[in-house]
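Reader: I've got a model open and would like to learn how to read its helix packing. Can you walk me through it?

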Amino acid sequence: MPRYVNRFDPVDELICCILSQHSADANSFPAFTLLRATLPEWEDVVAAGPERVAEIVKGAGLANQKGKFIVGSLRALAETFGSYTLDPLRVMPVPEAMAWLQTLPGVGPKTAAIVLCFGFGKGVIPVDTHVHRVSMRLGYIGPKTTANQAHDELLKVVPGELAFAYHSLLIQHGRMVCRAPRPRCGECVVAAMCPRQGVG
Ligand code: SF4
């Protein structure tokens, strides 16, 4: 069972996640590393402004938009919490923290869930395309449930302490076995409990 590992500080997680939107990890991680190396303090990033940030992170794609989102989000942290921190979210109830994060520019349910799950180890399930598809095939969410709605719906059937493991295992299962076209139901370890076995 995958265990929660804190890979980044929550603010790093937020900025890295904004850079990863509509971008492969192979492009967004180097852009994040370059941003941190070029402008090591968050106040440097804000002072540089969105256009300079866009130049630095252009390898992640949609750089103009992401430059604005990054600078705007950092400004909001400083204005709300008095510094470039997300620490107050540590003690905030999850629904409140999810809602607050989504007031930041460029932050939707998936990014908010990643920050809370990966940055703080909270019981929130980030729903990407694999988690969405496999959850639907297994019947944990309805056929019309959108990925955004799934963040709330899945928490009704998955205990919070299993959120990180559920997210990690479904991504792996979705990539390797329950693929979008032609799922490998014959090799699937959860086929016996899947209403879509052999149907996809
Ligand atoms: S039985 Fe098939 S459709 Fe169901 S989870 Fe396994 S691979 Fe996916």
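**Reading the helices and domains**

Author: Sure. Keep in mind that this is a predicted model. Let's begin with a contact between two helices: H130, V131, R133, V134 and S135 in α7 meet H167, L170, I171, H173, G174 and R175 in α9.

Reader: What classes do the residues of the contact of α7 with α9 divide into?

Author: There are 4 nonpolar, 5 polar and 2 charged residues in that contact.

Reader: And at what angle do the axes of α7 and α9 cross?

Author: They cross at roughly 85° and come within 8 Å. Angles of 65 to 115 degrees count as roughly perpendicular, so α7 is roughly perpendicular to α9.

Reader: Now α8. Which of its residues are buried?

Author: First the general idea: an α-helix has 3.6 residues a turn, so residues three or four places apart point the same way. Here, α8 spans residues 147-154, and its buried residues are A150, H151 and L154. These residues sit on the same side of α8 because they cover an arc of only 110° around the axis.

Reader: What do the buried residues of α8 pack against?

Author: Their partners are α6 (109-120) and α7 (129-137).

Reader: Let's zoom out. Which domains does the domain assignment give?

Author: It gives domain 1 (10-120) and domain 2 (129-193). Taken over C-alpha atoms, the centres of domain 1 and domain 2 are separated by 27 Å. Domain 1 puts 5 residues into the contact, and domain 2 puts in 6 residues. On the side of domain 1 that touches domain 2, the classes are 3 nonpolar, 1 polar and 1 charged.

Conventions:
Residues numbered from 1 in each chain as written. Predicted model: local features only at pLDDT ≥ 70, side-chain atom pairs only at ≥ 80, totals over all residues. Buried ≥ 20, exposed ≤ 12 C-beta atoms within 10 Å, placed from the backbone. Helix = DSSP H or I, 4+ residues; strand = E, 2+ residues; numbered from the N terminus. Arc of directions from axis to C-beta. Contact = placed C-beta atoms within 7 Å. Axes fitted to C-alpha atoms, helices over the stretch in contact; angles between N-to-C directions. Parallel < 35°, antiparallel > 145°, perpendicular 65-115°, else oblique. Nonpolar A, V, L, I, M, F, W, Y, C, P; charged D, E, K, R; others polar. Domains from an automatic or database assignment.
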